[in-house]
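Let's take a walk through this model together, pausing wherever the geometry has something to show. Keep your viewer open as you read.

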Amino acid sequence: MSHPAFCGVSRQHLGDLLEELQPKWHTCCEGARHTRRGGARQRQPGAGPKYQLTFRDRLVITLVHLRTGLTQEALAVAYRVGSSTISRTISEIRPILADRGFAVPHRPGLRLRTLEDVFAYAAAETIDLRLDGVETQVRRPKAGRPGRRAFISGKRKQNTIKTTTISDHQGRLLFSGIQRPGRMHDQTALRTEGIAEQFRQYPQVKAKVDSGYRGLAGEFPHQVTAPPKKPKDDACDGEMRAWHEARHRQSSARICVEHANAELRQWAPMRRFTGRRDTYDQTHRAIAALISDRAAKRPTRHDHSTELVLVSDLTY
């Protein structure tokens, strides 16, 4: 099960996760025992019943469940334990993966956890951001439940949950989260998530967005770039060709964030989430953090200048 085809991470990445998360897991376990006992331990470490699964097994089980969507019953058969043990294992490891934050290129010890962190990092490193929304299909609530219509997406005609994705100019994932019902428009989410306030706080940060964020581009014309509006039907051919060219250039510069969203959809729960909705946020952040680890290792490509350089100043 530790093969990359099942768990979705390389051998080296899995080893790094074991080294990083095992102390945190032991700390959480000791804290839970201290709470149950109501005081300090009275026996020596190692006494009492032993775990059926080691921490490596627990981490691999959680990664396989997140990557492939394999059911808990199937994992229980593979590891020869009860399905309740698999359920408890996933509920213990998933929060630890979700709390890791997002990796930063060329900054091994730095993790981004909030929108404030992302915009502060972009301002310090002079990085142009790419913003987009991603929708994940979820199960339809039962009839008569309050808020049932709030999750129906007008675009996909399905019950979905939307999240905001932020990447750099190479499509390396910097942030993904802040869930909202599928019925909510992207422009409305900007006001509720506080993205517009971050642009006011960091006026030097620039971003490229799609047409769903056109209102944000109108509010911050010097910071946010959206696709140009289509000319009227009676526009001349030259104006239409200029619009097509400008739209193509803006789309080419923004397409990298779509690639970041495509990496999310390689994991089964991000294509169709069949679990409880109260666990979707943890699942999404855990998967996004793993993707950011791999994306942060990509080398930075520097754009070469195409400006004409004068070879000689000689005059004839």
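The paragraphs below go from helices to strands, then to backbone angles, charged pairs and cysteines.

First, the ground rules. This is a predicted model, in which local features need pLDDT of at least 70 and side-chain atom pairs count only at pLDDT 80 or more, while totals for chains, interfaces and linings use all residues. Residues are numbered from 1 along each chain as its sequence is written, and side-chain values use heavy atoms, with hydrogens and water left out.

A good place to begin is helix α10, residues 237-265. Helices here are DSSP runs of H or I with at least four residues, strands are runs of E with at least two, and both are numbered from the N terminus. Helix α10 has 29 residues and reaches 39 Å from its first C-alpha to its last, close to the 42 Å expected at 1.5 Å a residue; the expected span is 1.5 Å times one less than the number of residues. Where does α10 kink? The kink, of about 40°, is centred on A253. The bend at a residue is the angle between axes fitted to the seven residues ending there and the seven starting there.

Several α10 residues are buried, among them W243, Q250, R254, V257 and L264. Buried means under 20% relative accessible area, exposed means over 50%, and partly exposed lies in between, using a 1.4 Å probe and protein chains only. When you look along the helix, remember that an α-helix has 3.6 residues a turn, so residues three or four places apart point the same way.

Helix α5 offers a smaller scene, with T85 in it. T85 counts as buried because its relative accessibility is 8%. Leaving aside residues up to four places away in sequence, T85 touches Q52 and L53, where contact means heavy atoms within 4.5 Å.

Now turn to the strands. Strand β4 (residues 160-167) and β5 run antiparallel, joined by six bridges; two strands pair if DSSP finds at least two bridges between them. One position to click on is T164, whose bridge partner in β5 is G177. The hairpin of these strands has five residues between them, and G171 takes a positive phi near 80° there.

Which residues other than glycine have a positive phi? R80 is one of them, with a phi of about 60°, and I178 is another, with a phi near 55°. R80 sits in the loop between α4 (72-79) and α5 (83-98), and R80 is exposed because its relative accessible area is 79%. I178, by contrast, belongs to strand β5 (residues 173-181), and its 30% relative accessibility makes I178 partly exposed.

Next come the charged pairs. Side chains of opposite charge can pair when their charged atoms come close. A search of the whole structure finds 17 salt bridges, each being a side-chain nitrogen of Lys or Arg within 4 Å of a carboxyl oxygen of Asp or Glu. One of these pairs is E20 with R100, at 3.2 Å from N to O. That pair links distant parts of the chain, 80 residues apart, with E20 in helix α2 (residues 11-37) and R100 in the loop between α5 and β1 (102-104). R100 is buried because its relative accessibility is 3%, whereas E20, at 30%, is partly exposed.

D99 and R285 also form a salt bridge, at 3.7 Å from N to O. D99 lies in the loop between α5 and β1 and R285 lies in helix α12 (residues 280-296), so this bridge ties together parts that are 186 residues apart in sequence. D99 is partly exposed at 47%, as is R285 at 23%.

A third pair, R200 and E219, meets at 2.4 Å from N to O. With R200 in helix α8 (residues 195-201) and E219 in helix α9 (residues 214-219), the pair ties together parts that are 19 residues apart in sequence. R200 is partly exposed at 45%, and E219 is partly exposed at 32%. Beyond single pairs, salt bridges that share partners join E20, K24, R100, R111 and D293 into one network.

Finally, how many disulfides does the structure hold? The count is zero, with a disulfide taken as a pair of cysteine sulfur atoms within 2.5 Å. C7 is buried because its relative accessibility is 0%, and C256 is buried at 8%.
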